[in-house]
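This briefing walks through one protein chain, its ligand and the way its parts fit together. Please keep the sequence and the structure in view while reading.

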Amino acid sequence: MNIEVTEIRKQFKTPVPKEGRFAGLRTLFSRDYTVKEAVRGISFQVNSGEFIGYIGPNGAGKSTTIKMLTGILHPTSGKVLLGGMDPHKERRQTVRRLGVVFGQRSGLWWDLPVKDSYDILTEMYGVTPTDKKRRLDQFAELLDLHEFWATPVRKLSLGQRMRADLAAAMLHDPDLLFLDEPTIGLDVNAKRNIRQFLKILNEQFGKTILLTTHDMDDIEQLCKRVMVINDGELSYDGTTQGLRDSIGLPTLIRVTYRGVFHIPEHSQTNMPIHATKVQDNIVTVEANRQEWSTMDILRELEGWGEIDDIDMAEPDFEDVIHRVY
Ligand SMILES: Nc1ncnc2c1ncn2[C@@H]1O[C@H](COP(=O)(O)OP(=O)(O)OP(=O)(O)O)[C@@H](O)[C@H]1O
């Protein structure tokens with residue numbers, strides 16, 4: 001299911017708090033407002049089957065955007081279309097085709113065993129018993145749900161809860177998934193499981209996924225495209241690699257030399273390539289790949305001595321993001 005967003009804005013009006021006697025009551029009836037424009041004219045299109053990262057610093061407007069996309073909030077102006085439908089006006093039809101997961105809170109019934117929550121959800125969405133069984137079998141295997149099938153949701157570990165929530169969001173087989181911080185607070189293993197599942201949903205089941213996260217490994221491992229929102233406006237919309245390139249952080253290269261090597265004077269200064277550290281026979285070099293090709297870099301490094309081993313690392317994506325924010 002595709003997404004078409006045209007110039008959406010969201011303003012929140014909050015009454016200015018009054019002081020003195022009956023402050024609460026006077027605030028309630030006050031006509032003095034401050035206006036916060038959380039989203040300031042955002043447009044983008046998402047094609048069916050894309051996996052997109054939606055990132056930005058705290059308070060940038062990510063959740064507000066997601067709420068407008070899912071029809072929970074109505075934009076102050078602008079238009080959202082999901083598969084050609086307005087999620088606010090045609091709520092019933094769109095909800096059937098949407099799956100939403102908020103990492104911070106569960107969409108399941110806290111005191112009920114996981115399987116009972118699934119019974120309620122499938123009933124609510126009118127999923128046939130055959131479809132229900134087929135999907136649950138599939139998700140149980142992919143997400144290892146059996147180990148906590150009969151456990152009340154409140155007793156689940158965070159990782160289990162997230163797996164249970166993801167399966168719940170998929171029970172009515174939505175085309176489009178909105179995920180808000182699905183890996184928040186999880187350990188490395190649990191993150192890996194969730195990412196694997198999301199990859200399968202996108203690549204094998206063809207689901208369109210919009211992922212909000214503060215975890216840059218999520219973005220690197222899952223999303224080809226990333227949108228960056230900053231203070232209510234889109235500051236980048238393009239490939240993940242393109243974002244890395246546009247920042248132009250240096251590639252780190254570790255070269256191990258065999259025997260004697262010589263680092264020329266000029267490579268210590270502001271060249272496209274320069275040595276930053278020498279330890280025994282290992283030289284760490286920073287190279288600007290926009291100015292020099294990999295071949296140029298190798299040729300230069302070979303000129304310094306006989307290379308025994310070489311190891312190249314792209315700049316850490318976390319560092320890239322710091323530059324964008
Ligand atoms: N209901 C509301 N009333 C008033 N202001 C709001 C409301 N909801 C959000 N805001 C404000 O709008 C701005 C954007 O908030 P939003 O929750 O969309 O940010 P976010 O990018 O999701 O942040 P985070 O990464 O911290 O979750 C913030 O300044 C926030 O305080």
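Which element gives the most residues to the shell around the ligand? In this predicted model, that element is helix 2, which contributes 3 residues to the shell. The points below begin with the ligand, then turn to the domains, and end with the nonpolar cores.

**Around the ligand**

- The residues that surround the ligand are F12, T14, K36, A38, G56, N58, G59, A60, G61, K62, S63 and T64.
- Two or more of these shell residues come from each of strand 1 (3-15), strand 2 (33-46) and helix 2 (62-69).
- Sorted by class, the shell around the ligand holds 7 polar residues, together with 3 nonpolar and 2 charged ones.

**Two domains and their contact**

- The domain assignment divides the chain into domain 1, covering residues 3-245, and domain 2, covering residues 250-324.
- The centres of domain 1 and domain 2, taken over C-alpha atoms, are separated by 41 Å, and the contact takes 9 residues from domain 1 and 8 residues from domain 2.
- On the side of domain 1 that touches domain 2, the elements giving two or more residues are helix 8 (216-222), strand 9 (233-239) and helix 9 (240-247).
- By class, this side of domain 1 has 5 nonpolar, 3 charged and 1 polar residues.

**What the record adds**

- An unreviewed UniProt entry carries the annotation "domain: ABC transporter" for residues 23-256.
- Over residues 23-256 the chain is 39% helix and 25% strand, while the C-alpha atoms at the two ends are 71 Å apart.

**Nonpolar cores**

- As background, nonpolar side chains in soluble globular proteins tend to be buried together.
- The largest nonpolar core in this model has 57 residues, and of these I52, L166, A167, I209, L211 and V226 touch the most other members.
- Helix 6 (residues 158-170) supplies the largest share of this core, namely 7 residues.
- Because domain 1 (3-245) and domain 2 (250-324) both give residues to this core, it lies between them.
- If its neighbours within four places in sequence are left aside, I52 is in contact with V46, L210, L211, C223, R225, V226 and M227.
- There is also a second, separate core of 9 residues, and V255, Y257, I273 and V285 are included in it.

Note on methods
Residues are numbered from 1 along each chain as its sequence is written. This is a predicted model: local features need pLDDT of at least 70, side-chain atom pairs count only at pLDDT 80 or more; totals for chains, interfaces and linings use all residues. A residue is near a molecule or strand if its C-beta atom, placed from the backbone, lies within 6 Å of it. Helices (H or I, at least four residues) and strands (E, at least two) are DSSP runs, numbered from the N terminus. Ala, Val, Leu, Ile, Met, Phe, Trp, Tyr, Cys and Pro count as nonpolar, Asp, Glu, Lys and Arg as charged, and the others, Gly among them, as polar. Domain bounds come from an automatic or database domain assignment. Two residues are in contact if their C-beta atoms, placed from the backbone, lie within 7 Å. A nonpolar core is a set of buried Ala, Val, Leu, Ile, Met, Phe, Trp, Tyr and Cys residues joined through C-beta atoms within 7 Å. A residue is buried if 20 or more other C-beta atoms lie within 10 Å of its own, exposed if 12 or fewer, and partly exposed in between; C-beta atoms are placed from the backbone. UniProt positions are given in the numbering used here, feature names are shortened, and annotations may be inferred rather than shown by experiment.
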